[in-house]
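Please open the structure in your viewer and keep the sequence panel beside it, since this tour moves from one selection to the next.

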Amino acid sequence: ASQAIMAVGESYRVTGWARSVGGSRAPSVGDYVGWEWTGTTSTDWQEIDVTFAAKDGNLGFGINGGSVGDAVEFDGLCVEKIS
């Protein structure tokens, strides 16, 4: 999932929780240029706390690696502009 909510060059902090559903794909957060945070393939909830300068206007929450058909989950997400 992604949404065009960021201004290029501005800094943002993303917090929340994520986990792998089936254990073979890692949850990730970033923009269309690249992932800024990638969790593990653990099915336990992992804390997200990442700050980065936007290289693209789109903030995305997605999947990194693993088997086709596996999924990830996100919860309690907060996006804060810090500069």
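Begin by selecting Gly34, which counts as partly exposed because its relative accessibility is 25%, a value between the 20% under which a residue is called buried and the 50% over which it is called exposed. Please keep in mind throughout that what you see is a predicted model. Gly34 belongs to strand 4, which covers residues 34-38. If you now add Asp75 to the selection, you will have two residues that are 41 places apart in sequence and whose C-alpha atoms lie 21 Å apart in space.

Next, select Val33, which sits in the loop between strand 3 and strand 4. Is Val33 buried or exposed? With a relative accessibility of 53%, Val33 counts as exposed, because the cut-off for that word is over 50%. Show Lys55 as well, and draw a distance between the two C-alpha atoms: Val33 and Lys55 are 22 residues apart along the chain, while the separation in space is 6.5 Å. When neighbours within four places in sequence are left aside, Val33 is in contact with Lys55 and Asp56.

Now step back and colour the whole protein by secondary structure. The protein has seven strands and zero helices, so that reading along the sequence gives the pattern β-β-β-β-β-β-β. The radius of gyration is 12 Å, close to the 12 Å that the globule rule gives for 83 residues, and the protein is therefore as compact as a globular protein of that length. Along the principal axes, the C-alpha atoms fill a box of roughly 35 × 20 × 15 Å. Of the contacts between residues at least 6 apart in sequence, 72% join residues that are at least 24 apart.

With the whole protein still in view, turn on the surface. About 4,400 Å² is exposed, and carbon and sulfur atoms supply 47% of this area. If you colour the charges, you will find 5 positive and 11 negative ones, whose mean positions are 2 Å apart.

The next stop is inside, where buried residues make up 36% of the 83 residues. Which residues form the largest nonpolar core? Select Met6, Tyr12, Val14, Ala18, Val29, Trp37, Ile48, Val50, Phe52, Ala54, Leu59 and Phe61, which are the 12 residues of this core. Strand 2 (11-20), strand 5 (46-53) and strand 6 (58-64) are the elements that give two or more residues to it. In soluble globular proteins, nonpolar side chains tend to be buried together.

Within that core, centre the view on Val14 and display what surrounds it. Not counting residues up to four places away in sequence, Val14 touches Val29, Ile48, Asp49, Val50, Phe52, Leu59, Phe61, Cys78 and Val79.

Then move to Arg13, which lies in strand 2 and, at 32% relative accessibility, counts as partly exposed. Outside the four places on either side in sequence, Arg13 touches Asp49, Val50, Thr51, Cys78, Val79, Glu80 and Ile82. Adding Glu47 gives a pair of residues that are 34 apart along the chain, with C-alpha atoms separated by 13 Å.

Finish at Val21, which is found in the loop between strand 2 and strand 3 (26-31). Val21 is partly exposed, with a relative accessible area of 43%. Which residues does Val21 contact once its neighbours within four places in sequence are left aside? The list is Thr43, Asp70, Ala71, Val72 and Glu73. As a last selection, add Trp45, which is 24 residues from Val21 in sequence and 10.0 Å from it in space, C-alpha to C-alpha.

Terms used
Residues are numbered from 1 along each chain as its sequence is written. This is a predicted model: local features need pLDDT of at least 70, side-chain atom pairs count only at pLDDT 80 or more; totals for chains, interfaces and linings use all residues. Side-chain values use heavy atoms; hydrogens and water are left out. Helices (H or I, at least four residues) and strands (E, at least two) are DSSP runs, numbered from the N terminus. The radius of gyration is taken over C-alpha atoms; the globule rule is 2.2 Å times the number of residues to the power 0.38. Buried means under 20% relative accessible area, exposed over 50%, partly exposed in between (1.4 Å probe, protein chains only). Contact means heavy atoms within 4.5 Å. Accessible areas come from the Shrake-Rupley method with a 1.4 Å probe; for residues, only the protein chains shown count as cover. Lys and Arg count as positive and Asp and Glu as negative; His and the chain ends are not counted. The place of a charge is taken as NZ of Lys, CZ of Arg, CG of Asp or CD of Glu. A nonpolar core is a set of buried Ala, Val, Leu, Ile, Met, Phe, Trp, Tyr and Cys residues joined through side-chain atoms within 4.5 Å.
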